[in-house]
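Good morning, and thank you for the time. I would ask you to keep the sequence and the structure in view while I speak.

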Amino acid sequence: MAIADVTEYTHLSEEDVEQLGRELDAIRADIEESRNAADAAYINRLIRLQRGLAAGGRVAMLASSYSKRAGRPALVAGAAMLGVAKILENMEIGHNVMHGQWDWMNDPEIHSSNWEWDTAQPAEQWKHSHNYVHHQFTNVLGHDNDIGYGILRMAREQKWHPANLGQPVYNALLAALFQWGVALHDLDIERIRKGEKDPKEMKRQLRQILRKGRNQVLKDYVVYPALSGPAWRSTLKANAAANVTRNLWSYVIIFCGHFPDGALHFTEEELEDETRAEWYLRQMLGSANFEGGRTLHVLSGSLGYQIEHHLFPDLPSNRYPEIAVKVRALCEKYDIPYTIGPLHRQYGQALRTIIKLSVPNSWTTSDQPEPPSPVRDRRRKSDAERPSRRPELGAWSRSPRERSA
């Protein structure tokens, strides 16, 4: 479905869209100018908490081997603490640090160029596939590989194949092994299949992935279990449980932000002459939020504010709640949708889509709004009449290799 075919968009004039863009730019400027010591204290405090939980979890698992009476409770507590630590490190810390949300602090330890996270995908590859490709081309078919991760059919516009019948199984495997699925993301399996991937670049990336994956496996499944002595099997299982918990949680949160009803997909044609304001609008219509308290949002990497994150991926995540109030007010002002709902409903809708799209379109009905008659001609003006083309969207939107060039 093209953005010009959506009723929630077609009532806006081009000047309306450009004015919306100016108001969103003003929100960005206000947050950038007001970043302060309280924001810096937030991320530093969170990092200390995460590291304390990880260390406490490891100590608890180690202690479980020296006490039969307290062994099992200590092991369970250790696995739980480690699982929460891994979730915090991946979601609210690693994900957001590598977006450049804290680069303004000029702290070399908490900087997007230096951070390496506790997961299988190398940071360099994640910053390209996620920061550059996904955030620049959010939900654009043919550009955004996050639409199904090259495994799932997530849009009715994608051609159905008999292999899609296995989607419920692929989905379960992707959820349980999410960090490994993400690790392969920047390889771009589709380009490899078509023979379009540079073999040298593919080998370089594979070496990075194998090195990072090896280190993750050694750390969680060899070194720490060995330190537990006779209880090594229990520690290994606890580490595996922590990793699977983190994988399942990350998968659910990410799918809730991109695939519930109301989060639209777009065509490559929509990128033609796209202005910054139209880019903003595409982020708003292609994303979905979920409701919850502050603890839930922190554990989810503040991706319950997915709309705000897609609009401003490099602004501090602890400021998203106040940004959300302003963005929602703009949606009401311009009469455009602000997709939000409880976490269980958002994921339930995403799961239903996965199951429905495992079969041909003719077998099911669409859950997205029915498009009216196309009105793309309204947007086809000469370059002289149209607003300026989309400007540079900031360092976060460029490939890490482009930024270093």
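I will begin with the overall picture, then turn to the cores, one helix pair and several individual residues.

Please bear in mind that this is a predicted model. The mean pLDDT of the protein chain is 86, with 87% of its residues reaching 70 or more. One stretch calls for caution: over residues 370–405, pLDDT stays under 50. The model nonetheless has 82 contacts beyond four places in sequence for residues 370–405.

As to the general architecture, the protein chain contains 16 helices and two strands. It has 405 residues, of which 53% count as buried. If we take the contacts between residues at least 6 apart in sequence, 75% of them join residues at least 24 apart.

Let me move to the interior. In soluble globular proteins, nonpolar side chains tend to be buried together. Here the largest nonpolar core holds 45 residues. Which of its members touch the most other members? They are Trp-102, Ile-110, Trp-115, Tyr-149, Phe-178, Tyr-251 and Phe-255. Several helices supply at least two residues each to this core, among them helix 4 (68–97), helix 5 (123–136), helix 10 (232–258) and helix 15 (343–356). The largest share comes from helix 3, with seven residues. A second, separate core comprises 32 residues, including Phe-266, Trp-279, Ile-307 and Cys-331.

Phe-178 deserves a closer look. Setting aside neighbours within four places in sequence, Phe-178 is in contact with Tyr-149, Asn-247, Ser-250, Tyr-251 and Ile-254. Two of those partners, Tyr-149 and Tyr-251, are themselves named among the core members that touch the most others.

Next, the helix pair. Two packed helices are described by the angle between their axes and the distance between the axes. For helix 2 (residues 14–34) and helix 11 (residues 276–285), the axes come within 8 Å and cross at roughly 80°. Angles of 65 to 115 degrees count as roughly perpendicular, and helix 2 and helix 11 are therefore roughly perpendicular to each other. On the side of helix 2, the contact is made by Val-17, Glu-18, Leu-20, Gly-21, Leu-24, Asp-25 and Arg-28. Helix 11 contributes Arg-276, Ala-277, Glu-278, Tyr-280, Leu-281 and Met-284. By character, the residues of this contact divide into seven nonpolar, one polar and five charged.

Is helix 11 largely enclosed or largely open? It is largely enclosed by the rest of the structure, because 10 of its 10 residues are buried. The buried residues include charged ones such as Arg-276, Glu-278 and Arg-282, alongside Trp-279 and Leu-285.

I turn now to individual positions, starting with two in helices. Arg-58 lies in helix 3. At 15% relative accessibility, Arg-58 counts as buried, since the cut-off is under 20%. Beyond four places in sequence, Arg-58 touches Leu-82, Lys-219, Asp-220, Tyr-224 and Asn-239. Arg-58 and Leu-75 are 17 residues apart in sequence, and their C-alpha atoms are 9.2 Å apart.

Gln-125 is found in helix 5 and is buried, at 0% relative accessibility. Its contacts, not counting residues up to four places away, are Ala-183, Asp-186, Gln-205, Gln-208 and Ile-209. The partner Gln-208 is 83 residues away in sequence, yet the C-alpha to C-alpha distance is 8.9 Å.

Three loop positions remain. Most residues other than glycine have a negative phi. Asn-139, however, has a positive phi of about 60°. This residue lies in the loop between helix 5 and helix 6, and at 1% relative accessibility Asn-139 counts as buried. Ser-302 also has a positive phi, near 60°. Its place is the loop between helix 12 (294–299) and helix 13 (306–311), where Ser-302 is buried with a relative accessible area of 0%.

Finally, Thr-339 sits in the loop between helix 14 (320–334) and strand 2 (340–342). Is Thr-339 buried or exposed? With a relative accessible area of 13%, Thr-339 is buried. Leaving aside neighbours within four places, Thr-339 is in contact with Asp-261, Gly-262, Ser-287, Ala-288, Asn-289, Ile-307 and Gln-346. One of these, Ile-307, belongs to the second core.

That concludes the presentation, and I welcome questions.

Note on methods
Residues numbered from 1 in each chain as written. Heavy atoms only, no water. Axes fitted to C-alpha atoms, helices over the stretch in contact; angles between N-to-C directions. Helix = DSSP H or I, 4+ residues; strand = E, 2+ residues; numbered from the N terminus. Parallel < 35°, antiparallel > 145°, perpendicular 65-115°, else oblique. Contact = heavy atoms within 4.5 Å. Buried < 20%, exposed > 50% of the residue type's maximum accessible area, 1.4 Å probe, protein only. Core = buried A, V, L, I, M, F, W, Y, C linked by side-chain atoms within 4.5 Å. pLDDT = per-residue confidence, 0-100.
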